[in-house]
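Thanks for asking for a second pair of eyes on this one. Here is a short tour for someone opening it for the first time.

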Amino acid sequence: MSSINSWKRALQVAALGAVVLLSACQSSGLPATTPPPPSGRTVDHALLPPGFAAGTPSAHGTPLPSYAHLVKHPGWFSPRWATMYLYIADQSLNQIDIFPLMKPNQPQAGAITAGIDGPYGLWYERQTQSLYVANQNNSTVTMYSHGSITPKRTYSEGLSRPLYPIVDNNGVLYVGNANNGTVVEYSPGSIHVHQTLQTPGIEADGLALDKHENLYVAFRRDNGAGDAGIEEFPPGSTQGKVLGMSLDEPQGVIVTDDGTIVATESGSTNRIDVFPAGSSTPSLEVPMPQGSVATELAIDCRVKLLYVSGLYSGAVFKIKYPLPGESLIEQDQVSATIQGTTVTDNDNN
């Protein structure tokens, strides 16, 4: 496939007007500090908070040192360090890569490795500033508190190749299974299954919540093109309603406050779709760049930038939101095999 450098694009965008359901932005940064990335990765120390890695080399591009023992405060955020961070599920290196979101193609800030085994979908939970990682290889979800590089909690009950996690405003965790098309629900703070939701598919993929805490589940029945869809579950219910759209291997899903559904299709269509509230036909289709396959979606708390991870290309792309239907801009590059992505928030940014 083509190198991502052969199809960099930066086109102007316009707005349609919609507001995404998200918790309030919080003055927080990284929910996890990090050990050094594998040999060969570099870091620009000028991007680190003041005093975070005192005594380490400061020249641009020097090898990332082992600085975990130098952490003087939880996470990487300080009042003088107003930025956001991008997390990427890096399957090739079996870790979570972390990049500062100051501008495209920043040096990597670090990586999370403890508890990671075949990372797929990610979720940043704003209220507790925690990171959730679905590990498909060992069928677990690991949760990392703000400022920690080791899991605070590991979920495994009811999981069979989990793909995507999501947490509602009450702290309820939902995880979609690839092996049986179910979504497992955990009560706040519990690692035991509260109830299980069954989709009509053999695989449960991307998850989203709307402002009423309705859960949306992208599912796939088989490998046939268009034989997939999205099911909506009311809060606390195990009975869902299959919506009318026909999708080709859906992955990431986002639902806006006005009911608009944004979803990625990773099959032959390979694009980002926008479905107006109540419609089963997309009003907008944004194709992925050549050589990249759309997986998970993430959006910043100001609802201005949408991010999509690109499988095979080794890049995460961004596009101004609301979507205008123009090309995506390359944001950061990692290993070729990446799946999920999520972003932290900062209301000073």
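The numbered points below go from the whole chain to its cores, its cavity and a few single residues.

1. **The chain as a whole.** Please keep in mind that this is a predicted model. The chain has 24 strands and zero helices. Of its 349 residues, 58% are buried. If you take the contacts between residues at least 6 apart in sequence, 51% of them join residues at least 24 apart.

2. **The largest nonpolar core.** A good place to start looking is the largest nonpolar core, which has 19 residues. Those with the most contacts inside this core are V262, I272, L306, V308, L323 and L328. Five strands, β18, β19, β20 (293-299), β21 (305-311) and β22 (315-320), each supply at least two of the core residues. There is also a second, separate core of 15 residues, and L163, V172, L197 and L215 are included in this second core. As background, nonpolar side chains tend to be buried together in soluble globular proteins.

3. **Two members of that core.** Setting aside neighbours within four places in sequence, L306 is in contact with I254, V262, L297, A298, I299, F317, K318, I319, Y321 and L323. L323 itself is found in the loop between β22 and β23. Is L323 buried or exposed? Its relative accessibility is 2%, so L323 counts as buried. L323 is also 8.1 Å from V274, C-alpha to C-alpha, with their positions 49 residues apart in sequence.

4. **A cis peptide bond.** While you are at that loop, have a look at the step from Y321 to P322: the peptide bond there is cis, with omega near 0°. P322 has its place in the loop between β22 and β23 (329-333). For context, most peptide bonds are trans.

5. **The cavity.** How many cavities of 30 Å³ or more are there? The count comes to one, and the volume of the largest cavity is about 30 Å³. Its lining is made up of Y174, E185, Q195, L197, E213, L215, F233, P234, P235, G236 and S237. Sorted by type, the lining residues are six nonpolar, three polar and two charged. Two names may look familiar: L197 and L215 line the cavity, and L197 and L215 are also included in the second core.

6. **Threonine 341.** T341 lies in strand β24, which covers residues 338-343. With 0% relative accessibility, T341 counts as buried, because the limit for that label is under 20%. The T341 side chain reaches the backbone oxygen of Y87 at 2.9 Å. Beyond residues up to four places away in sequence, T341 touches L86, Y87, I88, L122, E296, L297, A298, Y307, V308, S309 and V316. One of these, V308, is among the residues with the most contacts inside the largest nonpolar core.

7. **Q136 and R161.** These two residues are worth viewing together. Q136 lies in the loop between β5 and β6 (140-144), whereas R161 lies in the loop between β7 (153-155) and β8 (162-167). Their side chains make a polar contact at 2.8 Å. Q136 counts as buried at 14% relative accessibility, while R161 is partly exposed, with a relative accessible area of 29%. Leaving out residues up to four places away in sequence, Q136 touches Q91, D117, G118, Y120, R161, P162 and L163.

8. **Positive phi values.** Which sign does phi take in R161? Phi of R161 is near 55°, a positive value in a residue other than glycine. Q129, found in the loop between β4 (119-125) and β5 (130-135), also has a positive phi, near 55°. Most residues other than glycine have a negative phi.

9. **A partly exposed loop residue.** To finish, try A277, in the loop between β18 (271-275) and β19 (284-287). A277 is partly exposed, with a relative accessible area of 46%. Not counting neighbours within four places in sequence, A277 is in contact with D258, G259 and T260. The C-alpha atoms of A277 and D257 are separated by 9.6 Å, and these two residues are 20 apart along the chain.

Methods: Residues are numbered from 1 along each chain as its sequence is written. This is a predicted model: local features need pLDDT of at least 70, side-chain atom pairs count only at pLDDT 80 or more; totals for chains, interfaces and linings use all residues. Side-chain values use heavy atoms; hydrogens and water are left out. Helices (H or I, at least four residues) and strands (E, at least two) are DSSP runs, numbered from the N terminus. Buried means under 20% relative accessible area, exposed over 50%, partly exposed in between (1.4 Å probe, protein chains only). A polar contact is a pair of N or O atoms within 3.5 Å; within protein, one must be able to donate a hydrogen and the other to accept it, and residues adjacent in sequence count only if both atoms are side-chain atoms. Contact means heavy atoms within 4.5 Å. On a 1 Å grid over the protein atoms alone, a cavity is a set of points where a 1.4 Å probe fits but cannot get out, and a pocket is an open set with protein on both sides within 12 Å along at least five of seven lines; lining residues have an atom within 4 Å of a point. Grid points are joined across faces, edges and corners, and a volume is the space filled by probe spheres set on the points. Ala, Val, Leu, Ile, Met, Phe, Trp, Tyr, Cys and Pro count as nonpolar, Asp, Glu, Lys and Arg as charged, and the others, Gly among them, as polar. A nonpolar core is a set of buried Ala, Val, Leu, Ile, Met, Phe, Trp, Tyr and Cys residues joined through side-chain atoms within 4.5 Å.
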